[in-house]
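Visitor: Could you take me through one part of this model up close? I'd like to hear about the empty space shut inside the protein, and then whatever else helps to place it.

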Amino acid sequence: MNIDFDVCVIGSGAGGGPVALTLAEAGYSVVVLEKGPWFTEQDFYKDEIACCRRSTYTPSLRDERHVIEEEDGEGGWEAESTFDSGWDWWNGNCVGGATNVMSGFFHRMKPDDFRLLSAFGPIAGANLVDWPINYEDLEPYYDKVEKVVGVSGRVVSHPYLEPRSTPDFPFPPTQEHPIAGWIDTACKEMGLHSIPVPRAILPRAALGRRGCEYSGYCGSYGCSSGAKGSSRAALLSRAVATRHCEVRAHAKANRLVSDKAGKVVGVEYFDQTGSTKTVSARLYVVACQAVETARLLLYSTGPRHPDGLANNNDQVGRNLVFSAGGSGTGDFSYAGLDRHRAQALRVRGPFVNRALQDWYTIKAKEFGAPSKGGTIEFLMRHPNAIARANPRKWGEDGLVWGLPLKRKLEAYFREARYLRFEVFCDWLPTDNCFVSLDPEVQDKWGTPVARVRIGYHSHDLKVGHYLADQAESVLREMGADNVRSSVSGSPPANLVAGGCRFGNDPEVSVLNADCRAHDVENLYVTDASFMPTGGSVPYTWTIYANAFRVADRMVERLGGPRVASLGGKAADSAVIDLNQGSKE
Amino acid sequence: MNVLIWIQVDTLCLICITGGVMRVERVRTALIEADGGFFRNWRKELVSRRTFLARMAGVSVAALFPLAAGGASPAPKSNAALPDDQQAVLAAVQQHLFPSEPGIPGASEINALAYLNNVLADPKMDEEEKAFIRNGTEWLEELVREEQGGAFTGLNAAQREQMLRRIEQSSAGENWLATLLLYLFEALLSDPVYGGNPDGIGWRWLEHQPGFPRPPANKIYGKL
């Protein structure tokens with residue numbers, strides 16, 4: 001039987017890119033199937049309408065939707081489709097996936113994040129487990145991501161600094177907004193350790209990409225300079241340049257076909273015209289973002305997998321997690337500052353780049369024993385103008401319009417800036433947070449959409465509130481007015497993991513320690529789905545690092561590198577055409 | 001009888017959707033609290049609006065008041081251009097919501113009506129939302145005819161304020177006005193390539209610094 005490729009990767013984001021690059025550089029033939037289009041740097045502009053007010057990088061909710069199940073307040077669950085609710089659950093469906101539009105706040109997980117159960121003990125109602133690997137197993141790959149994707153930052157000593165194999169980042173920090181110094185001063189006064197936030201953003205030209213141009217619009221936007229370390233710019237461009245990797249855009253995987261032995265023998269996908277195509281490979285990698293990965297596996301039934309691929313223990317889709325926490329804001333009025341500080345505050349372009357991890361473990365009376373805490377990120381209010389203007393129409397008793405609205409807009413836009421914080425803490429895995437196939441709702445191809453139950457554990461809110469209180473006190477120390485925050489159990493749909501967690505026990509996990517399915521010998525999952533717990537930081541760096549780790553296992557399994565690797569200095573100096581992407 | 005149109009629409013909404021009004025309130029609270037965070041994708045303003053709009057889509061004066069059907073015109077087909085009288089009503093409502101001042105742009109200076117017409121002509125926009133914008137114009141006209149015996153465009157500023165505050169009392173009316181305000185903000189602050197905000201007049205007024213590079217005409221929403 002003819003096999004088309006050595007490896008077929010479904011999904012081109014943070015989980016797919018490292019596998020495609022590693023295998024292609026090792027000389028293996030790789031095909032990447034991406035549902036969305038292939039945008040290049042020449043397609044990304046600072047256009048709030050295209051970026052953020054219409055569906056440009058994600059599908060139309062009319063064509064493709066999710067069904068979200070929320071607690072109905074009476075002990076049951078109520079389901080609503082995202083088309084009906086308008087709550088869009090898609091993230092960057094295009095070559096490079098959601099990494100195109102990430103903010104690139106990169107933190108490593110801490111050693112304790114790999115052993116939450118043994119470090120902090122069980123919590124009733126939470127399906128806590130330790131990871132089957134530890135921090136030391138992943139450290140070389142965190143390091144690799146720093147060099148290959150390009151992470152900029154500056155290591156400073158603080159109580160929760162994770163062990164590093166190198167003294168500092170390969171790239172110095174991106175330019176910082178003056179308010180970063182105000183945060184540092186306040187934190188020092190309070191005995192806290194404000195830390196420079198590592199970013200997946202190049203401060204200068206390197207790795208065949210341009211440096212950051214500091215337009216002030218980063219998160220939610222595609223990067224027009226290539227400085228942002230998206231899977232597309234940092235990994236797939238290079239993978240394609242090896243000539244061992246083919247990226248097929250507009251290729252929507254329909255199902256993985258498995259044989260009587262339970263092995264995957266091909267992927268059926270729809271091309272842009274809706275025609276069904278098939279591709280085969282020796283090894284298959286699913287990395288479609290947690291919700292869609294679970295959906296695809298559940299839909300891919302076969303003779304040995306009657307309830308879905310890799311689902312013989314009914315684990316696929318379970319233990320979905322998000323980043324728990326919340327956010328808050330403090331106002332800084334120009335009028336309340338001296339001229340120099342007001343002028344400094346007006347600066348636009350550079351990043352705030354400050355975070356606090358002083359409460360990564362909480363040792364507070366109300367928690368009893370030491371408890372897992374999290375990260376506080378500081379950032380300026382996003383500059384998107386329509387998004388900033390629109391909430392101003394709501395007053396105390398209904399809508400505001402006419403001249404009062406115009407005065408309100410003037411005050412909001414001209415008289416102050418708004419420093420925000422985001423709290424990241426663990427979303428405990430529970431039996432009430434999972435993905436299944438919707439029994440009725442279908443997408444435009446006539447296949448069942450994912451149904452996501454989004455129950456949360458009340459402990460998450462307790463931790464979130466504790467951290468938000470600490471962050472508020474920093475804003476007050478800085479002199480901010482109108483400090484407020486919001487912590488809720490409503491999940492951010494762009495920070496999702498789990499659903500195919502890895503582990504040593506097939507009864508309660510989907511993947512083994514190498515992220516290979518327990519019951520499918522040639523199937524791997526490399527997006528955030530593998531994570532049994534999510535840590536208290538954004539996931540992207542960990543997804544990248546783990547995907548590089550799994551890719552190494554795959555190369556070993558296939559017999560080692562076929563060609564000398566391009567890694568290290570050679571890659572750094574290689575001239576790479578960033579614009580291989582083609583719009584079909 | 002038609003005085004009750006907006007309230008009736010609201011009731012219909014409440015019957016169809018469990019806790020319809022409460023959900024709108026919740027959305028508003030979430031929005032204010034989240035303050036437009038982009039780091040995390042919080043629920044956007046449109047939460048549950050489409051459910052609302054879908055229920056509104058088939059609603060016309062005729063549907064609500066079958067007995068009065070003879071006197072009420074059916075909702076226009078959603079892709080047809082708005083007739084001139086409805087254009088005039090929309091322009092007048094926009095101007096009331098966002099009035100012009102000396103040296104400060106209002107609805108007419110930011111090309112708000114032309115912008116809204118572009119939205120209504122966009123084949124990718126929700127048909128329900130487009131129909132809702134159109135139908136609201138008709139409902140407003142019906143209400144004004146009943147209450148004031150004329151057209152909205154014939155009212156003075158105080159009467160316009162009174163009518164709009166009146167319809168705001170229903171969730172249908174509040175949603176309709178909130179929708180018009182959203183597109184006013186888009187006309188004020190989107191890139192001029194989309195037809196509003198001529199020469200960046202809205203950006204200049206609010207001292208807003210747009211990002212760069214800015215989109216060329218062949219790389220905008222709908223053409224990417």
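Guide: β18(A) is the top contributor to the lining of the largest cavity, giving four residues. That strand runs over 416-426 of chain A, and β15 (374-380), also of chain A, is the other element that puts two or more residues into the lining. Bear in mind that this is a predicted model. In all, 31 residues line the largest cavity, and the ones nearest its centre are G216(A), M380(A), R381(A), H382(A) and P383(A). Sort the lining by class and you get 16 nonpolar, nine polar and six charged residues. The space inside comes to about 510 Å³. It has company, too: the count is eleven cavities of 30 Å³ or more.

Now for the place where the two chains meet. Chain A puts 87 residues into the contact, and chain B puts in 72. Together they bury about 6600 Å², with 55% of that on carbon and sulfur atoms. There are eight salt bridges between chain B and chain A. In one salt bridge, the side chain of R62(A) meets that of D126(B), at 3.5 Å from N to O. Polar contacts link 22 residue pairs across the two chains, counting pairs with both residues at pLDDT 80 or more. On chain B, the helices that each supply at least two residues to the side touching chain A include α2 (20-34), α7 (127-148) and α9 (171-189). The largest share, ten residues, comes from α9(B). By class, that side of chain B has 36 nonpolar, 24 charged and twelve polar residues.

Terms used
Residues are numbered from 1 along each chain as its sequence is written. Chains are lettered from A and ligands numbered from 1 in the order in which they are written. This is a predicted model: local features need pLDDT of at least 70, side-chain atom pairs count only at pLDDT 80 or more; totals for chains, interfaces and linings use all residues. Side-chain values use heavy atoms; hydrogens and water are left out. Contact means heavy atoms within 4.5 Å. Buried area is the accessible area (1.4 Å probe) that two parts lose on being put together, summed over both. A salt bridge is a side-chain nitrogen of Lys or Arg within 4 Å of a carboxyl oxygen of Asp or Glu. A polar contact is a pair of N or O atoms within 3.5 Å; within protein, one must be able to donate a hydrogen and the other to accept it, and residues adjacent in sequence count only if both atoms are side-chain atoms. Ala, Val, Leu, Ile, Met, Phe, Trp, Tyr, Cys and Pro count as nonpolar, Asp, Glu, Lys and Arg as charged, and the others, Gly among them, as polar. On a 1 Å grid over the protein atoms alone, a cavity is a set of points where a 1.4 Å probe fits but cannot get out, and a pocket is an open set with protein on both sides within 12 Å along at least five of seven lines; lining residues have an atom within 4 Å of a point. Grid points are joined across faces, edges and corners, and a volume is the space filled by probe spheres set on the points.
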